[in-house]
Amino acid sequence: MKNVMKHFVSAMALSVGLAASASAEDVEVLHWWTSGGEAAALNVLKDDLSTKGIGWVDMPVAGGGGEAAMTALRARVTAGDPPTAVQMLGFDILDWANEGALGDLTPVATAEGWDGVVPSALQAFAKADGKWISAPVNVHSTNWVWINKAALDATGMASPISWDELVAVLDKMKENGITPLGHGGQAWQDATVFDGVVLSMGNDFYKAAFIDLDPAALGGDQMAEAFNRLIKLSSYVDSNFSGRDWNLASAMVINGEAGMQMMGDWAKGEFLKAGKVPGTDFVCIRFPGTQGAVTFNSDQFAMFGVEGEGAVAAQAAMASAIMNPTFQSAFNVVKGSVPARTDVPNDAFDDCGKKGMADLAAANTNGSLFGSMAHGHAAPAAVKNAVYDVVTAAFNGEYADGAAAAAALAEAVAAAQ
Ligand code: GAL
C-alpha cells in the first residue's frame, strides 16, 4: 500500500501540467446524488468533465446523507479496489486521510490558489497535514425550512421567526387539513431537523453540545428542552412518515399535501426541478430562532490512490474542473447549495441562493458558522451515529420526556468517544 501511495503522490505531482489537457481517461465516481434535483446537478458536473475529455463511470449509492455510500466505499477499499473519486463529508474525509488512502491535490491546489479562495471552515476538512486531500464542490446548510407559499398564505400568518410562531403556523396548517410537516422517518433526516432545533436554543449552546461535546450541555436542561421541541415537531408528521425518502417529503410540500419541510438546501433542488419559483411557489426561511447562524456541510470529492499517470492526471483535472468559479456557479445554482469559494458572483442565484451566500459570509465573520452534526461536520462518525440513535428514538416517542432523551444522549456520546 505504501509503495502504491508513493507512486500515486509523485505521479500526482508530475501531472499538474497535464491537468488541463488530460487525455480521455475515466474517473469512477461514488456518490449518493440520486434524487431528481441531485441528478440534475450531477449532470452539470458530468457534462463539464466530458467537455474536458474526462470520462465518467457512475457509481451511485442511493441514501440521503451518504451513510449507505460510505458503507459501499468501505467494502470497495477492503477489496483493494477503491473508486477514483468519492463524494464525502467532513470528518469522513479526515478519517480516510488518516488511513493513508487519499492522494495529494496540493500541486493543483497551489497552482490554482485554492488557499486564498476556499473558506477556512472548509479547508479544515479539505486538508490534512498541510496537504490538500479533496476538492469542495459546494456549501450546504441544514438550518432551513421550505414552506409551501399557498399553505402559508392560508394560515393568514407571516413566516415564523420564533419557536412559538412556528408552532402557531403548524397548528393552523393542521386545522386547514394538510400535513403540517413533510418528513421522512430516517435517522439522518431526524438528525437534520435536530440540527435546527439545537441551534434554535442558542449559538453557544449548539457549539458547547455538538462541537465541543460538553457533557453538561449534552445532558442538561437546554438539551432537554431541545428534545421536547423535537418531540413536539414529531406530532405534526403524517402516519406514513416512517422510512420515507427526503425527496418524497419535499414532493409533499411541492404539491401542497404538506405545509413545510425542515431540510438542508438540497431540498431547493427538488423545488426547482419541479419548476417552482422561490417567493412565488415556496418560501425559504432559516429554522425559526436561528437567523444569523448557519450549520453547514460541504460536499467534497476526495481522490483515492490510483495507478497510472493518465488516471492520476484525470483526478487532477477533475479537481481543477470542480474548483473552477464558473462551474461552481452553474452547479450550485441547480444543487441548491452555494459556492465553496468566496470569489464567485451571486448574479446567477435565485433569492434563496443569494440569501444562502450572504448568510454564510456573515456567519463566517460573526463566529456563528458551525459544522452540521447530522451531516458529519461537527464530530466524527462514531459520535454522529450515537446522536442519530438517540434523536431517532426521541422522534419516535421512545423516551418519557426530553430530560430522559438528554440523559441518554450524554451517555451515548460519552460511550462513542
Ligand atoms: C447531504 C449532501 C447533500 C445531499 C443530501 C441528501 O449529506 O451533502 O449534497 O445530497 O445529503 O442526499
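In this predicted model, helix α11 has the buried residues Phe205, Tyr206, Ala208, Ala209 and Phe210. The helix spans residues 203-211. What do the buried residues of α11 pack against? Their neighbours are α10 (187-199), α12, α13 (221-234), β12 (294-297), β14 (369-371) and α19 (381-395). To picture the spacing, it helps to remember that an α-helix has 3.6 residues a turn, so residues three or four places apart point the same way.

Let us look at one residue of this helix, Ala209. Ala209 counts as buried because its relative accessibility is 0%, and the cut-off for that word is under 20%. Leaving aside residues up to four places away in sequence, Ala209 touches Asp214, Ala217, Leu218 and Met223. For a sense of distance, try finding Asn98 as well: from C-alpha to C-alpha, Ala209 and Asn98 are 25 Å apart in space, with their positions 111 residues apart in sequence.

After α11 comes Leu213, which has a positive phi near 55°. Leu213 sits in the loop between α11 and α12 (215-219). Most residues other than glycine have a negative phi, and Leu213 is a residue other than glycine with a positive value. Is Leu213 buried or exposed? Leu213 is buried, because its relative accessibility is 13%.

Asp129 also has a positive phi, of about 50°, although it is not a glycine. You can find Asp129 in the loop between β4 (127-128) and β5 (131-132). Asp129 counts as exposed because its relative accessible area is 81%, and exposed means over 50%.

**Helix α17 and Asn332**

Now move along the chain to α17, which covers residues 325-335. At the start of this helix, a side-chain oxygen of Asn324 reaches to within 2.8 Å of the backbone nitrogen of Thr326. After the helix comes Gly336, with a positive phi near 95°.

Which residues of α17 are buried? They are Phe327, Gln328, Ser329, Phe331, Asn332 and Lys335. The elements that cover them include α2 (36-51), β6 (134-136), β7 (140-141), α15 (267-273), β13 (299-303) and α16 (309-323).

Asn332 is a good residue to zoom in on. Because its relative accessible area is 0%, Asn332 is buried. A polar atom of the Asn332 side chain lies 2.8 Å from the backbone oxygen of Gln328. Beyond the residues up to four places away in sequence, Asn332 touches Val137, Asn138, Ser337, Val338, Pro339 and Phe349.

**Around the ligand**

How many residues surround the ligand? There are 14, and the closest are Glu38, Asn297, Asp299, Lys335 and His375. Lys335 also appears among the buried residues of α17. The table lists some polar side-chain atoms and how far each lies from an oxygen atom of the ligand.

| Residue | Distance to a ligand oxygen atom |
|---|---|
| Trp33 | 3.0 Å |
| Asp299 | 2.6 Å |
| His375 | 2.8 Å |

On its own, the ligand has 300 Å² of accessible area, and the protein covers 100% of it. The space that the ligand takes is the largest cavity.

**Asp359 and Ala386**

Two more helices are worth a visit. Helix α18 covers residues 351-366 and contains Asp359. Asp359 counts as buried because its relative accessibility is 15%. The side chains of Asp359 and Arg286 are joined by a polar contact of 2.8 Å. Apart from residues up to four places away in sequence, Asp359 touches Trp144, Arg286 and Val294.

Ala386 lies in helix α19, one of the elements that the buried residues of α11 pack against. Why does Ala386 count as buried? The reason is its relative accessibility of 10%, because buried means under 20%. Where residues up to four places away in sequence are left out, Ala386 touches Ala412, Val413 and Ala416. Ala386 and Ala414 are 28 residues apart in sequence, and their C-alpha atoms are 9.2 Å apart in space.

Key: Residues are numbered from 1 along each chain as its sequence is written. This is a predicted model: local features need pLDDT of at least 70, side-chain atom pairs count only at pLDDT 80 or more; totals for chains, interfaces and linings use all residues. Side-chain values use heavy atoms; hydrogens and water are left out. Helices (H or I, at least four residues) and strands (E, at least two) are DSSP runs, numbered from the N terminus. Buried means under 20% relative accessible area, exposed over 50%, partly exposed in between (1.4 Å probe, protein chains only). A polar contact is a pair of N or O atoms within 3.5 Å; within protein, one must be able to donate a hydrogen and the other to accept it, and residues adjacent in sequence count only if both atoms are side-chain atoms. Contact means heavy atoms within 4.5 Å. A residue is near a molecule or strand if one of its heavy atoms lies within 4 Å of it. Accessible areas come from the Shrake-Rupley method with a 1.4 Å probe; for residues, only the protein chains shown count as cover. On a 1 Å grid over the protein atoms alone, a cavity is a set of points where a 1.4 Å probe fits but cannot get out, and a pocket is an open set with protein on both sides within 12 Å along at least five of seven lines; lining residues have an atom within 4 Å of a point. A molecule sits in a cavity or pocket if more than half of its atoms lie within 2 Å of its grid points.
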